[in-house]
Amino acid sequence: MPPKRPGDSPATGADKKRARMREQRVINVQPHASRQGGSASRGNANLPPTLEVEKFAEARVFEINSLQQAMRSAKAAGTIRAFQSLPRALRRRAASHNIRRLPIRLRAKAKTETPDGAAAPKKKSRKMMGMKLRTRAKYSRKELLLRRQVKKCWLETHIWHAKRMHMKNIWGHRLVRPSPVSFSKLKIMTDGAFFQQAEKPTEKAYRSSYRASVNGALVHDASYYQYIEIKGPEASLKRLFDAHFDPQATSPCSKRYSTGARECQTHIYTSSSQPNSLIGPATVIWDSLATPFPKPPPSHFQPYNRRQVLIRLHPSICIAAWNALSDTLKADGKTSVGIRQLEKEFLTFEVTGRRATEVVKAVLKLTPGNGSEVKEAWKKLSSAAGPGSVPLNMIFGLDVYDPRLSFPPKLDKSSPKTTSTDLLQPSYKIAQLSSFWDKSVRDRLKSPQFKKSELDARRSKLLIPGSRLTALQQDDRIPILLSQRTLSPSSTTSTPSDLHGWTLTIPSGWGIPFWSSLIFSETRPGGLLARSQQSFEAGAPRFPEDYPGTVAFDLYEAEREVEDKGYWERRPPAKRPNYEKLGTRMPWKSGFGKICRTSSPEYLTPKDGGEVWIVSGKVVMEVQEALKAAEGEREEAKMSEGGRELLKQRLGSAKAKEKQMKTGEQIKGDRWVYGTALVRVRITPCGRGAPEELACLYWLSEEQAKQVGEKVERGRKRTPVATGEGENGDELCEPLPTPKSLIGRVTTGNFSLAVGRGAAVGAVPLVVYLDLMERNMRYATLPLRIDPSYLSVLMNLEKRTKPTTPMLVAVRNRDGETFRAATLELMH
């Protein structure tokens, strides 16, 4: 058979690429009418003596633009494909092989980059489509979505998040799936319901999320938080709250919070008389008083004496808190107090960052029905100052229009001029909003009056495209609560700065309208990991990760053990750490119960259980100050006993307070309570390295602490601190700590972007912390200038006071063999 002619053979891939590259290197030329002759025929006689650059550039603007475009296209021809030219937020996974996933303007270029036939839709057989067609014909779209929520609960923004983020079936904050170890407890705590929540975006967002939380605005859908509603006389509510909320903190019934002007951040207990019965953090919101009474009203004045309270709780502790409050009401026999768990009645959005106020003012458009005090306070909100300029936990009760009427929101970066007399002050008049607390109003608003298609039809009839819709009488007015939110460091000398933002509490049914407006306000969406990162960077504890001793923490640890151990077992022995050889006895759990029994054998016996509890930092600080004041009046040998007696007295006084209701089992005794107490601390490495989760903290003897202190002091002079790394590297100290000197574990640890170094949060037994504090007081030397926060200690030398040395410990990651020096700092 004769060979084919060259023109008959199909073009190869190399030929197509060569033609594409040649096409990208073509420079377009502006067409013009031909002229007779030219400069070569006429010579240079008629040329101007000077060249005006501006006029020449204007006459050749087309050629200049063509040259620049050709340079850009030639540069991107061989390195960037059509779908890669889109911003990351607009990219889709299937766009690499399906050009229909690309915008129309890029499809022509994508056709030259994809093989022949790739643009054609895939043929689906009748067998593939049969089940889907039968299912769609039998159920509506709403019913199909409900069928997918049999064992999990979707948020209203679930579909939006599922397209852009990794989703997880969670209980509480970070649990992935139920395990055989904890499923029975899990079902009791959550009533068998799981939330499917966004964990993290599909793109890299760790640093960008932190930058948005500080300098921009990061929005998070926290609608998985649950609410409990309590109604009753104010005196009865006060007795109930005194029996269950943190006795060491400001009471939710104080005038600061009971007027409804602020929300109260506190902790809820099974019984406040039992310090080891902590359930978890809680937020208490009172309804605003129409007319606050200077004195308690008479008992017969029932219409104004009856109050309404909302308690916002983490979903992992909602059932436990409900049971504790209900049992107290049943035991007390108070029928005038009603308690109800609100399911799917409120949504919660959190906007964090310096631009949070700018975003909130762009999305929320106030109606004329708001009071004059509310309108005046709204004008005083400064977008430039941000939410940090607003009083802590201040509440705004706002009646706003449907956000879809003003979509997309327009950011207003102007800042009102305020004086010292115009500063915002929390007031019950600003927080007052009766429609928010009315259940009939919330039920009526569960479905919007107009669908999105109907609003789009109204918008299409506008004379000026892009203008805002005018609110009609039949348009919805939505009551919301806007409260200031602050994440602040839980230690006195920590360098991380506060993170400020807003919390929006809105009726259910309005998730997508508000969420869409928040997203289109130049914000960045964040999942669970971004929210946890905010607490870590701000130096605040996370729940339940940093709350050992609670049921939520135990279940979180059980789920983490299943996940980590399963991943470890799937790896080959040569590619996984040998924890037995490294000396890590408990690689999957913190084991605080065993650590307490080892650290305080004089208070606990081996038969005692592993129940532990967290001591309030304020109590420990009081004992610490008392020991410092009594340093010159006591003998050194009795210092430890004196501190422990002071702590027992402090705990005893808190337990023996009058007007406290005692329910449940009483604590076993002061000795047992003292031996199982933990203190939450912040760990800061003295040099390089970042402690990770479940890292081990080790006690340093006096000789070891002296060696470590000298090496850390040399490290301050730009000499690397010895860690034993590298060949023939010096160890941190001689001898190295042994597994028997384990005194604590890290619950949260990573590299902190806020301070530019490693940081961690952990817990140690109270006995160990007091021993470290007293040893430093006995052997106080010049402070180690590891951090600028210790400058205040140096200034005390002028007053001839005895300075305090930072508490030195050794830290080692559970899968590493390097010991590093670190300091402990009490978190209150």
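Which residues touch the most other members in the largest nonpolar core? In this core of 35 residues, they are Leu-364, Phe-396, Leu-398, Leu-482, Trp-502 and Phe-514, a nonpolar core being a set of buried Ala, Val, Leu, Ile, Met, Phe, Trp, Tyr and Cys residues joined through side-chain atoms within 4.5 Å. Two or more residues each are given to this core by β10 (346–352), α15 (356–363), α16 (372–380), β11 (395–401), β12 (477–487), β13 (499–507) and α20 (511–519), where helices (H or I, at least four residues) and strands (E, at least two) are DSSP runs, numbered from the N terminus. Leaving aside neighbours within four places in sequence, Phe-514 is in contact (heavy atoms within 4.5 Å) with residues including Phe-349, Leu-364, Val-400, Ile-480 and Ile-506.

The model is predicted, so that local features need pLDDT of at least 70 and side-chain atom pairs count only at pLDDT 80 or more, whereas totals for chains, interfaces and linings use all residues. Residues are numbered from 1 along each chain as its sequence is written, and side-chain values use heavy atoms, with hydrogens and water left out.

The secondary structure of the chain comes to 30 helices and 21 strands. Of its 828 residues, 47% count as buried, that is, under 20% relative accessible area (exposed being over 50% and partly exposed in between; 1.4 Å probe, protein chains only). Among contacts with a separation of 6 or more, 78% are accounted for by residues 24 or more positions apart.

Several elements of the core recur in an open sheet of six strands, which has the order β11-β12-β13-β10-β4-β14 and mixed pairing, two strands being paired if DSSP finds at least two bridges between them. Its edges are β11 and β14 (524–525), each with a single partner strand, so one side of each is left without a neighbour in the sheet. Within the sheet, β10 and β13 pair in the antiparallel sense over seven bridges, and Thr-352 stands opposite Gly-501 in β13. Helix α21 (residues 528–538) packs on this sheet, touching β4 (218–221), β10, β12 and β13, and its direction makes about 40 degrees with that of β12; axes are lines fitted to C-alpha atoms, for helices over the stretch in contact, and angles run from 0 to 180 degrees between N-to-C directions.

A further open sheet, of five strands with antiparallel pairing, has the order β6-β7-β8-β5-β9. Because β6 (264–269) and β9 (338–342) stand at the edges with a single partner strand each, one side of each is left without a neighbour in the sheet. The twist averages 30 degrees from one strand to the next. Six bridges join β6 to the antiparallel strand β7 (residues 278–286), with Leu-278 in β7 as the bridge partner of Tyr-269. Helix α14 packs on the sheet, touching β5, β6, β7, β8 and β9, and its direction makes about 170 degrees with that of β9.

The end C-alpha atoms of α14 (residues 318–332) are 21 Å apart, which agrees with the 21 Å that its 15 residues should span at 1.5 Å a residue, the expected span being 1.5 Å times one less than the number of residues. Its buried residues include Cys-318, Ala-321, Leu-325 and Leu-329, and just after the helix Gly-333 takes a positive phi of about 70 degrees.

In strand β19 (residues 757–765), nine of the nine residues are buried, so this strand is largely enclosed by the rest of the structure. Strand β16 (residues 677–685) pairs with β19 in the antiparallel sense over six bridges, whereas seven bridges join β19 to the antiparallel strand β18 (residues 742–752).
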